[in-house]
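Here is a set of exercises to work through with the model open beside you. Try each task before you read its solution.

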Amino acid sequence: MAGAAAGLMTAPSALAAAAQPGRRDMLIVNALGGLYNPNPSPGPERGDKAVPGADQIRLSDRVIADARASGMNAVNTTLGYVAGEDEPFEYSVKEIGQWDAAIRSRPKDLMKVLTAADIERARASDRIGLIYGFQNAAMMGDDAARADIFANLGVRIIQLTYNLANQLGDGSMAPANRGLTKFGHEVVERLNLNRVMVDLSHSGQRICLDAARASKQPISINHTGCRALIDLPRNKTDEELRLVASKGGFVGIYFMPFLDANSVAKASDVVAHIDHAVNVCGEDHVGIGTDGGTTAIDDMAAYRKKLLEQNAARQKAGIAATGEKPDTMPFVEDLAGPTQFYKLADLLAAKGYKEARIEKILGTNFLRYARDVWGA
């Protein structure tokens, strides 16, 4: 699942903004999330596809207000080809143009992030920084030099595979579990030269380990859970987590159903997976990549009806992961909406985490990683 529903809380954004005023000074970076309204609207609408992308651009005043109220300063937003019948390269270039136009339409609210310093500029100017990220590298075709094109267009994160196999290697649902192919090695090398983050979310175990060893720069797993706690393919083994961290990388824990064996995760599950990742990786390498937005769901019955259609489309397309059921909700119900980051901070504090560690998890660990890869 990627870029699905956002949350259940329907309190006004002003209440969310005031929920934890003492934490408004914290840098909050969502290593994988989005800006969109999950509420279904009558008739055909953008956003009905089984996979994310620019078809989910719904930058309404409400979506922006909710993102602001959440305290989020920057977010890795998925664009470009993920799966489906579109030509991957053409589709990806088109969506970059659409997102560029969307940012230009709201210059007081949004800015495109190209460097680590841009994250800090977004925060200082009270804007939300958008980090362009791919969740599949299929748009590379057979030409690793396309990494140059996408880097020049402002893409800063490229995930090597989605759930299935591509020309670089195997995703988490590919049964062969192939490692990084010869072409995959060429792409990783090219991404390193362009200082683009190499992301191994959704990857199979072998390609993750191979890429972490092959990359001359630290890599990331921007949205995942811990397989030692819940044995599902979308979660990462301790071996993968430990290797990524040992190379200076970053691991983001998602707010997703895969954190629970029955695919109904709770806030306590998010805390448990963060805590496990911190124990395995160290507190300097763990953050959040929610895989969701910050706008609440108004009509749960209508949402569930639309969700059944979307989940069926993912199953039909063959891109669903183990743990995705017909009615699986792609978020954590009690850790959602505009207050989600504040609530997580409170839960981590109740767990005994000091403010300095909470700040690292909410944003400064990603910023450190961004400086290491993108430069200051």
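**Exercise 1.** With which residues is L344 in contact, leaving aside its neighbours within four places in sequence?

*Solution.* Before starting, note that this is a predicted model, in which local features need pLDDT of at least 70, side-chain atom pairs count only at pLDDT 80 or more, and totals for chains, interfaces and linings use all residues. Residues are numbered from 1 along each chain as its sequence is written, and side-chain values use heavy atoms, with hydrogens and water left out.

Step 1: set the cut-off, since contact means heavy atoms within 4.5 Å.
Step 2: search around L344, and you find F255, V270, V271, I274, I288, L335 and L362.
Step 3: place L344 in its setting. The largest nonpolar core has 84 residues, and L344 is among those that touch the most other members, together with L35, M140, L160, L191, L200 and I274. Such a core is a set of buried Ala, Val, Leu, Ile, Met, Phe, Trp, Tyr and Cys residues joined through side-chain atoms within 4.5 Å. Here buried means under 20% relative accessible area, exposed over 50%, and partly exposed in between, with a 1.4 Å probe and protein chains only.
Step 4: ask who contributes. Helix 9, residues 267–281, gives the most to this core, namely eight residues. Another core lies apart from it and has 17 residues, including A31, I157, M197 and L367.

**Exercise 2.** Describe helix 11 and the loop that leads to it.

*Solution.* Step 1: fix the elements. Helices (H or I, at least four residues) and strands (E, at least two) are DSSP runs, numbered from the N terminus. The protein chain has 12 helices and nine strands.
Step 2: look at the loop between helix 10 (300–317) and helix 11 (340–350), where P338 lies. P338 counts as buried because its relative accessibility is 4%. The C-alpha atoms of P338 and T295 are 6.4 Å apart, although 43 residues separate them in sequence.
Step 3: list the buried residues of helix 11, which are Q340, F341, Y342, L344, A345 and L348.
Step 4: recall the geometry. An α-helix has 3.6 residues a turn, so residues three or four places apart point the same way.
Step 5: check the end. Just after helix 11, G352 has a positive phi of about 110°.

**Exercise 3.** Which residues of helix 4 are buried, and what covers them?

*Solution.* Step 1: in helix 4, residues 116–124, the buried ones are A116, A117, D118, I119 and A122.
Step 2: their cover includes strand 1 (29–33), strand 2 (74–78), strand 3 (110–112), strand 4 (128–134) and helix 12 (355–374).
Step 3: after helix 4 comes D126, with a positive phi near 60°.

**Exercise 4.** Take V373 and find its surroundings.

*Solution.* Step 1: V373 lies in helix 12.
Step 2: with 0% relative accessibility, V373 counts as buried.
Step 3: not counting residues up to four places away in sequence, V373 touches R195, V196, M197, Q217 and P218.
Step 4: the C-alpha atoms of V373 and I219 are separated by 8.6 Å, while the two residues are 154 apart along the chain.

**Exercise 5.** How many aromatic pairs does the structure hold?

*Solution.* Step 1: apply the rule. Rings of Phe, Tyr and Trp (its six-membered ring) pair if their centres lie within 6.5 Å; planes under 30 degrees apart count as stacked, over 60 as edge-to-face and the rest as tilted.
Step 2: count, and the structure gives eight pairs.
Step 3: classify Y254 and F258. Their centres are 5.9 Å apart with 45° between the planes, a tilted pair. Y254 is buried at 0% relative accessibility, and F258 is buried at 0% as well.
Step 4: classify F366 and W374. This pair is edge-to-face because the planes stand at 75°, with the ring centres 6.3 Å apart. F366 is buried at 1% relative accessibility, and W374 is buried at 8%.
Step 5: group the rings, and F250, F366, Y369 and W374 form one aromatic cluster.

**Exercise 6.** How far can you trust the model?

*Solution.* Step 1: pLDDT is the predictor's confidence in each residue, from 0 to 100. The chain has a mean pLDDT of 91, and 89% of its residues reach 70 or more.
Step 2: mark residues 2–22, where the pLDDT is below 50; this stretch has 57 contacts in the model beyond near neighbours in sequence.
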